[in-house]
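Trainee: Got a minute to go through this one with me? I'd like to talk about the side chains.
Mentor: Sure, bring it up and ask away.

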Amino acid sequence: PLALALIAVAGVLKLEHPFGRDQAIHHWMALRMMDGAVAYRDVWDVKQPAILAFHSLAIALFGPTVRAVHLLELIWMLVLAVLIMVLLRGYFRHRWLSAAAAVAAIVPYFAFAEDYSQTQVEIMVGLPFFLTAWCLWKASQTDRHTCTLSFAAGIAAGIGTAFKHILAPIPVAFALLAAWHLLRRPRPVPAMTSLGRLWLPFAAGVIAVWGGIALVFLFQGGFADFFWTN
């Protein structure tokens, strides 16, 4: 609770922080999209669609304000903090250090974020990429839930790359490390079978996310512009 309180206070202090250029563009595009405009066809930016969806959700939940976006970001970061505390607790000799890890990861961001850096895609990918790393690591340690965990990792990687697709080498690196750990431990099945259970569901999860996004733009009549941009 103390760790979450520290993160919440740090985030609340930045709720009224003004938008920088990128955030203002994303917010304006989200407002136009909620009036019926199609991203990349009627309003354009080079960024991937997840940040536009994030601003649209903030507007729908809390209104068309700077505070609304930063409030949703704070909730996003608190979810990340809870996941760090819960999922990493067993890896520390002193379990409370997982809460310290969450504070160390998130409070400095809020403390030093400027208007041009707050709520940028590079910070938003922390939550899905953390889940990608954890799910792949757990998938490499078990033969019972490898497919389920790998698929969940693929979904998380798809969401993360939907914020910024040129960061795709990061979850790919996680998957390569998971494959290496998988091959190093004793297995009851052949190596290629184990790798297939890891890689195929992971790829399916990524395809599910990006395929769903593509279908949305296809139904909106903006697929060609979406594909050209991304």
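Trainee: What does Asp-35 form a salt bridge with?
Mentor: Its partner is Arg-32, and the closest N and O atoms are 3.4 Å apart. A salt bridge here is a side-chain nitrogen of Lys or Arg within 4 Å of a carboxyl oxygen of Asp or Glu. Bear in mind that this is a predicted model, where local features need pLDDT of at least 70 and side-chain atom pairs count only at pLDDT 80 or more, while totals for chains, interfaces and linings use all residues. Residues are numbered from 1 along each chain as its sequence is written, and side-chain values use heavy atoms, with hydrogens and water left out.

Trainee: Is Asp-35 buried or exposed?
Mentor: Asp-35 is exposed, at a relative accessible area of 61%, while Arg-32 is partly exposed at 29%. The cut-offs are under 20% relative accessible area for buried, over 50% for exposed and partly exposed in between, using a 1.4 Å probe and protein chains only.

Trainee: Which residues do shared salt-bridge partners join into one network?
Mentor: Arg-21, Asp-22 and Lys-47. Within it, the side chains of Arg-21 and Asp-22 meet at 3.5 Å, N to O. Arg-21 is exposed at 66% relative accessibility, whereas Asp-22 is buried at 19%.

Trainee: And how many salt bridges does the structure hold?
Mentor: Six. One of them pairs Glu-16 with Arg-67, with the closest N and O atoms 2.3 Å apart. That pair links distant parts of the chain, 51 residues apart: Glu-16 lies in the loop between α1 (2–12) and α2 (21–34), and Arg-67 in helix α4 (residues 66–88). Helices are DSSP runs of H or I with at least four residues, strands are E runs of at least two, and both are numbered from the N terminus. Arg-67 itself is partly exposed, at 42% relative accessibility.

Trainee: Switching topic: how many disulfides are there?
Mentor: The count is zero, where a disulfide is a pair of cysteine sulfur atoms within 2.5 Å.

Trainee: Why no bond for Cys-135?
Mentor: Because the closest cysteine sulfur, in Cys-147, is 13 Å from the sulfur of Cys-135, too far for a bond. Cys-135 is buried, with a relative accessible area of 9%, and Cys-147 is partly exposed at 38%.

Trainee: OK, now the nonpolar side. Which residues have the most contacts inside the largest nonpolar core?
Mentor: Ile-51, Phe-54, Phe-163, Phe-217 and Phe-226, in a core of 27 residues. By nonpolar core I mean a set of buried Ala, Val, Leu, Ile, Met, Phe, Trp, Tyr and Cys residues joined through side-chain atoms within 4.5 Å. The elements giving two or more residues to this core are α3 (49–62), α4, α6 (121–124), α8 (146–163) and α10 (191–220).

Trainee: What is Ile-51 in contact with?
Mentor: Setting aside neighbours within four places in sequence, Ile-51 is in contact (heavy atoms within 4.5 Å) with His-26, Thr-119, Val-121, Met-124 and Phe-163. There is also a second, separate core of 18 residues, which includes Ala-3, Met-77, Ala-81 and Leu-87.

Trainee: Last one: which residues form a nonpolar patch on the surface?
Mentor: Leu-57, Leu-61, Phe-62, Ile-75 and Val-79, with about 410 Å² of accessible area together. Areas come from the Shrake-Rupley method with a 1.4 Å probe, and for residues only the protein chains shown count as cover. Patches take residues with over 30% relative accessible area and no salt bridge, joining nonpolar side chains (Val, Leu, Ile, Met, Phe, Trp, Tyr) within 5 Å and like charges within 9 Å. Helix α3 gives the largest share of this nonpolar patch, three residues.
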